[in-house]
Amino acid sequence: SRQTKAYEASALGRVQQRITTPTEAYGAIQTGQLLAETYAQIVGGDTIRRRVFSLVKGTIPSDTGQMGISASPVQRLDLLLITVRGPNPTQDAIVANAAPRALAGFIRETGTLRDQIVPIDRAEVPTKPVAPRLKLDLALAILLGLVFNAGLALVLELVGDRVRQLEELEE
(Lines give C-alpha, C1' and ligand atoms only; values in the text may rest on other atoms or scores of the structure.)
Protein backbone atom coordinates (compact mmCIF):
# COMPACT_ATOMS: atom_id res chain seq x y z
CA SER A 1 0.00 0.00 0.00
CA ARG A 2 3.04 2.27 0.35
CA GLN A 3 4.08 1.79 -3.26
CA THR A 4 3.86 4.70 -5.66
CA LYS A 5 0.69 4.53 -7.70
CA ALA A 6 1.15 3.90 -11.40
CA TYR A 7 -1.21 5.01 -14.15
CA GLU A 8 -1.45 3.94 -17.78
CA ALA A 9 -2.49 5.99 -20.77
CA SER A 10 -2.73 4.49 -24.26
CA ALA A 11 -2.96 5.97 -27.74
CA LEU A 12 -3.90 3.99 -30.84
CA GLY A 13 -2.43 4.61 -34.26
CA ARG A 14 -2.73 3.02 -37.66
CA VAL A 15 0.37 2.03 -39.57
CA GLN A 16 -0.24 2.42 -43.26
CA GLN A 17 1.60 2.91 -46.49
CA ARG A 18 0.87 5.50 -49.11
CA ILE A 19 -0.28 3.87 -52.30
CA THR A 20 -0.16 5.38 -55.74
CA THR A 21 -1.91 2.67 -57.76
CA PRO A 22 -4.80 0.33 -56.95
CA THR A 23 -2.56 -2.70 -57.43
CA GLU A 24 -0.47 -1.66 -54.42
CA ALA A 25 -3.47 -1.73 -52.05
CA TYR A 26 -3.37 -5.45 -51.20
CA GLY A 27 0.36 -5.43 -50.52
CA ALA A 28 0.01 -2.32 -48.36
CA ILE A 29 -2.60 -4.03 -46.17
CA GLN A 30 -0.37 -7.06 -45.60
CA THR A 31 2.68 -4.92 -45.00
CA GLY A 32 0.84 -2.76 -42.44
CA GLN A 33 0.72 -5.54 -39.87
CA LEU A 34 4.42 -6.33 -40.26
CA LEU A 35 5.25 -2.65 -39.96
CA ALA A 36 3.16 -2.39 -36.77
CA GLU A 37 5.24 -5.19 -35.24
CA THR A 38 8.47 -3.51 -36.30
CA TYR A 39 7.46 -0.07 -35.08
CA ALA A 40 6.32 -1.56 -31.75
CA GLN A 41 9.94 -2.61 -31.18
CA ILE A 42 11.22 0.82 -32.18
CA VAL A 43 8.86 2.68 -29.82
CA GLY A 44 10.31 0.81 -26.85
CA GLY A 45 13.80 2.14 -27.59
CA ASP A 46 15.62 5.24 -26.42
CA THR A 47 15.43 7.01 -29.80
CA ILE A 48 11.67 7.47 -29.67
CA ARG A 49 11.79 8.22 -25.93
CA ARG A 50 14.17 11.13 -26.52
CA ARG A 51 12.04 12.38 -29.40
CA VAL A 52 8.86 12.23 -27.33
CA PHE A 53 10.36 14.20 -24.48
CA SER A 54 11.74 16.81 -26.87
CA LEU A 55 8.21 17.20 -28.31
CA VAL A 56 6.63 17.74 -24.89
CA LYS A 57 9.43 19.89 -23.53
CA GLY A 58 7.95 22.70 -21.46
CA THR A 59 4.64 20.87 -21.02
CA ILE A 60 6.01 18.40 -18.51
CA PRO A 61 9.28 18.23 -16.56
CA SER A 62 12.23 16.59 -18.28
CA ASP A 63 12.43 12.81 -18.57
CA THR A 64 13.03 11.44 -15.09
CA GLY A 65 13.04 7.81 -16.15
CA GLN A 66 9.89 7.05 -14.15
CA MET A 67 7.73 6.69 -17.25
CA GLY A 68 7.78 3.57 -19.34
CA ILE A 69 6.87 3.84 -23.02
CA SER A 70 5.93 0.64 -24.81
CA ALA A 71 3.96 -0.40 -27.86
CA SER A 72 2.29 -3.53 -29.09
CA PRO A 73 0.67 -4.38 -32.41
CA VAL A 74 -3.02 -5.20 -32.38
CA GLN A 75 -3.32 -8.78 -33.60
CA ARG A 76 -3.91 -9.29 -37.34
CA LEU A 77 -4.45 -5.57 -37.85
CA ASP A 78 -2.23 -2.69 -38.88
CA LEU A 79 -2.81 -0.92 -35.56
CA LEU A 80 -0.23 0.04 -32.98
CA LEU A 81 -1.17 0.54 -29.30
CA ILE A 82 1.30 2.87 -27.56
CA THR A 83 1.13 2.72 -23.76
CA VAL A 84 2.79 4.99 -21.22
CA ARG A 85 3.00 3.96 -17.57
CA GLY A 86 4.06 6.38 -14.87
CA PRO A 87 3.19 8.08 -11.58
CA ASN A 88 1.43 11.15 -13.03
CA PRO A 89 -1.76 10.47 -15.05
CA THR A 90 -1.81 13.84 -16.84
CA GLN A 91 1.80 13.58 -17.93
CA ASP A 92 1.26 9.96 -19.02
CA ALA A 93 -1.54 11.05 -21.36
CA ILE A 94 0.55 13.90 -22.79
CA VAL A 95 3.46 11.57 -23.50
CA ALA A 96 1.18 8.87 -24.98
CA ASN A 97 -0.33 11.41 -27.37
CA ALA A 98 3.11 12.70 -28.39
CA ALA A 99 4.54 9.24 -29.09
CA PRO A 100 2.80 8.71 -32.48
CA ARG A 101 4.07 12.12 -33.65
CA ALA A 102 7.60 11.24 -32.52
CA LEU A 103 7.40 7.91 -34.36
CA ALA A 104 6.09 9.61 -37.50
CA GLY A 105 9.01 12.07 -37.36
CA PHE A 106 11.45 9.20 -36.96
CA ILE A 107 9.94 7.45 -39.99
CA ARG A 108 10.21 10.60 -42.12
CA GLU A 109 13.81 11.22 -41.10
CA THR A 110 14.88 7.66 -41.88
CA GLY A 111 13.83 8.15 -45.48
CA THR A 112 10.83 5.86 -45.46
CA LEU A 113 8.47 8.02 -47.45
CA ARG A 114 5.64 5.53 -47.94
CA ASP A 115 5.03 4.62 -44.27
CA GLN A 116 2.65 6.71 -42.17
CA ILE A 117 1.39 6.71 -38.60
CA VAL A 118 -2.19 7.95 -38.49
CA PRO A 119 -3.59 8.66 -34.99
CA ILE A 120 -6.86 6.83 -34.43
CA ASP A 121 -7.61 7.26 -30.74
CA ARG A 122 -5.99 9.77 -28.41
CA ALA A 123 -4.97 8.84 -24.89
CA GLU A 124 -7.16 10.18 -22.13
CA VAL A 125 -6.07 11.01 -18.62
CA PRO A 126 -6.49 7.83 -16.56
CA THR A 127 -8.64 8.16 -13.46
CA LYS A 128 -7.64 4.97 -11.61
CA PRO A 129 -4.16 3.61 -10.98
CA VAL A 130 -3.22 0.24 -12.48
CA ALA A 131 -0.74 -0.52 -9.70
CA PRO A 132 -0.49 -1.43 -6.91
CA ARG A 133 -3.45 -3.78 -6.98
CA LEU A 134 -3.78 -4.22 -3.26
CA LYS A 135 -6.93 -6.39 -3.24
CA LEU A 136 -5.66 -8.75 -5.94
CA ASP A 137 -2.21 -9.01 -4.38
CA LEU A 138 -3.74 -9.73 -0.97
CA ALA A 139 -6.08 -12.39 -2.38
CA LEU A 140 -3.20 -14.10 -4.20
CA ALA A 141 -1.02 -14.01 -1.09
CA ILE A 142 -3.76 -15.65 1.00
CA LEU A 143 -4.43 -18.29 -1.65
CA LEU A 144 -0.76 -19.13 -2.08
CA GLY A 145 -0.30 -19.22 1.68
CA LEU A 146 -3.14 -21.72 2.06
CA VAL A 147 -1.82 -23.94 -0.74
CA PHE A 148 1.73 -23.84 0.63
CA ASN A 149 0.63 -24.60 4.17
CA ALA A 150 -1.61 -27.47 3.04
CA GLY A 151 1.29 -28.98 1.08
CA LEU A 152 3.62 -28.53 4.03
CA ALA A 153 1.11 -30.25 6.33
CA LEU A 154 0.86 -33.22 3.94
CA VAL A 155 4.63 -33.56 3.69
CA LEU A 156 5.02 -33.41 7.48
CA GLU A 157 2.30 -36.04 7.87
CA LEU A 158 4.07 -38.40 5.48
CA VAL A 159 7.56 -38.04 6.97
CA GLY A 160 6.48 -37.70 10.58
CA ASP A 161 7.40 -40.64 12.86
CA ARG A 162 5.51 -39.80 16.02
CA VAL A 163 3.23 -42.35 17.66
CA ARG A 164 -0.42 -41.43 17.22
CA GLN A 165 -2.25 -44.43 18.68
CA LEU A 166 -1.62 -47.17 21.25
CA GLU A 167 -1.55 -49.89 18.56
CA GLU A 168 1.31 -48.15 16.82
CA LEU A 169 3.27 -48.17 20.06
CA GLU A 170 2.75 -51.94 20.43
CA GLU A 171 3.94 -52.54 16.87
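Select helix 3 (residues 89-109). In this predicted model, helix 3 lies across strand 1, strand 2, strand 3 and strand 4. Its direction is about 20° to strand 1. Axes here are lines fitted to C-alpha atoms, for helices over the stretch in contact, and angles run from 0 to 180 degrees between N-to-C directions. Helices (H or I, at least four residues) and strands (E, at least two) are DSSP runs, numbered from the N terminus.

**The sheet**

Now show the four strands. They form an open sheet in the order 2-3-1-4, with antiparallel pairing. Pairing requires at least two DSSP bridges between two strands. Strand 2 (68-73) and strand 4 (115-121) are the edges; each has a single partner strand, so one side of each lacks a neighbour in the sheet. From one strand to the next, the twist averages 30°.

Select strand 1 (residues 7-17). Eight of its eleven residues are buried, so strand 1 is largely enclosed by the rest of the structure. Buried means under 20% relative accessible area, exposed over 50%, and partly exposed in between (1.4 Å probe, protein chains only).

Add strand 3 (residues 79-86): eight bridges pair it with strand 1 in the antiparallel sense. Label Y7 and its bridge partner, G86. Then label A11, which stands opposite I82.

Switch to strand 4. Six bridges join it to strand 1, and the two run antiparallel. Here V15 stands opposite I117.

**Helix 2 against helix 3**

Select helix 2 (residues 46-55) and bring back helix 3. Their axes come within 8 Å and cross at roughly 115°. The crossing is right-handed, meaning that the near helix is turned clockwise from the far one by less than a right angle.

Show side chains at the contact (heavy atoms within 4.5 Å). Helix 2 contributes T47, I48, R51, V52, F53 and L55. From helix 3 come V95, A98, A99, R101, A102, L103, G105, F106 and E109. Colour them by class: ten are nonpolar, two polar and three charged. Ala, Val, Leu, Ile, Met, Phe, Trp, Tyr, Cys and Pro count as nonpolar, Asp, Glu, Lys and Arg as charged, and the others, Gly among them, as polar.

Stay on helix 2. Which of its residues are buried? They are I48, R49, V52 and F53. These cover an arc of only 130° around the axis (directions from the axis to the C-beta atoms), which puts them on the same side of helix 2. Rotate to the face turned away from that buried side: it carries the exposed residues D46 and R50.

**Reading the values**

Residues are numbered from 1 along each chain as its sequence is written, and side-chain values use heavy atoms, with hydrogens and water left out. Local features need pLDDT of at least 70, side-chain atom pairs count only at pLDDT 80 or more, and totals for chains, interfaces and linings use all residues.
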